[in-house]
Amino acid sequence: MKNILIRRPKSTDVQALHQFFFLVIQDTFAKEGLSELVEDQQNEWAMKKHYLAMDLASQGQQRFFWVAVEPKTEEIIGTIEYGEANVLIQQTIQEDLANCPEIGTVYVHPNYQQRGIGTMLLQHMLTTLETQQIPSFCLDSGYRQAQIVWQKKLGKPDFCLEHYWGPNTHHMIWKRSIPF
C-alpha cells in the first residue's frame, strides 16, 4: 500500500494507540477462536500500553515504536516496536540477548490487513536496527495466523514450543541476524 506515513508516536497519539491496541487484540483473539480469554486480552492490552509509555518516557531508549498512519485521515493503522526480549524468549534461547532485541507489537488494523503494511513496518524497523548497529533480533508468536505470516517472512522458527498453549497450539521463536 502506497502513501502510508511511518513515524514515531507522539504524546498526542496515546489515546488513539490505546484504542488501536484494544481493537487489534480483540480482533486477533476472535480470529484465533479465543474471544472468551478476556483476562488474557486485558493483560496483553496493558502490556502494550506499558511499552508505549516506556517509549514515550525514555524517548525510544527502553522501547522504540514506529506507527503507520493513513495520511488522508491521520488514522493509525499499524504499529511495530522493539525492546528487551521477553522472559519466554530469554528462557528458551538461553544466551546473552543484550544486542538482540525482540521485535513485537506488529499490529495492523483489521481493515488494512493483507495490504503490505506489516511488511513495510518490518522493513522500516530492520533499517532502524541496522542503522543503530544492532546485529540481530528475535521475535515470537503464539498466534497461528501470525505464525503463518512470520514463517513466510522469516522461514522456519528456531524454536517451537510444542503444545505450549494447549493441544496443537504451539509457540514459535525466531532469532535472525541483520540483515537476514
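Below are short exercises on this predicted model, each with a worked solution.

Residues are numbered from 1 along each chain as its sequence is written. Local features need pLDDT of at least 70, side-chain atom pairs count only at pLDDT 80 or more, and totals for chains, interfaces and linings use all residues, while side-chain values use heavy atoms and leave out hydrogens and water.

**Exercise 1. Find the residues with the most contacts inside the largest nonpolar core, and the elements that supply the core.**

Step 1. Fix the terms. A nonpolar core is a set of buried Ala, Val, Leu, Ile, Met, Phe, Trp, Tyr and Cys residues joined through side-chain atoms within 4.5 Å. Buried means under 20% relative accessible area, exposed over 50%, and partly exposed in between (1.4 Å probe, protein chains only). Helices (H or I, at least four residues) and strands (E, at least two) are DSSP runs, numbered from the N terminus.

Step 2. The largest core has 25 residues, and Ile 103, Met 125 and Leu 129 have the most contacts inside it.

Step 3. At least two residues each come from β2 (63-70), β3 (75-83), β4 (102-108), α4 (117-131), β5 (136-141), α5 (144-154) and β7 (169-177). The largest share, 6 residues, is that of α4.

Step 4. Another core lies apart from this one. That core has 16 residues, among them Leu 17, Ile 25, Met 54 and Tyr 107.

**Exercise 2. Check the length of α4 and describe its surroundings.**

Step 1. The expected span of a helix is 1.5 Å times one less than its number of residues. The 15 residues of α4 should therefore span 21 Å, and its end C-alpha atoms are 21 Å apart, which agrees.

Step 2. List the buried residues of α4: Ile 117, Gly 118, Leu 121, Leu 122, Met 125, Leu 126, Thr 128 and Leu 129. An α-helix has 3.6 residues a turn, so residues three or four places apart point the same way.

Step 3. The cover over these buried residues includes β1 (5-7), β2, β3, β4, β5 and α5. Contact here means heavy atoms within 4.5 Å.

Step 4. Take Leu 129. Leaving aside its neighbours within four places in sequence, Leu 129 touches Tyr 82, Pro 101, Ile 103, Ile 134, Phe 137 and Ile 178.

Step 5. Just after α4, Gln 133 has a positive phi of about 55 degrees.

**Exercise 3. Describe how α1 packs on α2.**

Step 1. Helix α1 covers residues 14-31. Its 18 residues should span 26 Å, and its end C-alpha atoms are 26 Å apart, which agrees.

Step 2. The axes of α1 and α2 (residues 38-58) come within 10 Å and cross at roughly 145 degrees. Axes are lines fitted to C-alpha atoms, for helices over the stretch in contact, and angles run from 0 to 180 degrees between N-to-C directions.

Step 3. From α1, the contact residues include Val 14, Leu 17, His 18 and Phe 21. From α2, they include Trp 45, Lys 49 and Leu 52.

Step 4. The cover over the buried residues of α1 includes α2, β2, β3 and β4.

**Exercise 4. Is His 18 buried or exposed, and what does it contact?**

Step 1. His 18 has 18% relative accessibility, so it counts as buried.

Step 2. Beyond its neighbours within four places in sequence, His 18 contacts Trp 45, Lys 49 and Leu 52.

Step 3. His 18 and Ile 77 are 59 residues apart along the chain, and their C-alpha atoms are separated by 12 Å.

**Exercise 5. Describe the burial and pairing of β4.**

Step 1. In β4, 6 of its 7 residues are buried.

Step 2. β3 and β4 pair in the antiparallel sense over 5 bridges. Two strands pair if DSSP finds at least two bridges between them.

Step 3. The bridge partner of Gly 78 is Val 108 in β4.

**Exercise 6. Locate His 163 and Asn 168, and state the phi of each.**

Step 1. Most residues other than glycine have a negative phi.

Step 2. His 163 lies in strand β6 (residues 159-166). Its phi is positive, near 60 degrees. At 42% relative accessibility, His 163 counts as partly exposed.

Step 3. Asn 168 sits in the loop between β6 and β7. Its phi is also positive, about 60 degrees. At 56% relative accessibility, Asn 168 counts as exposed.
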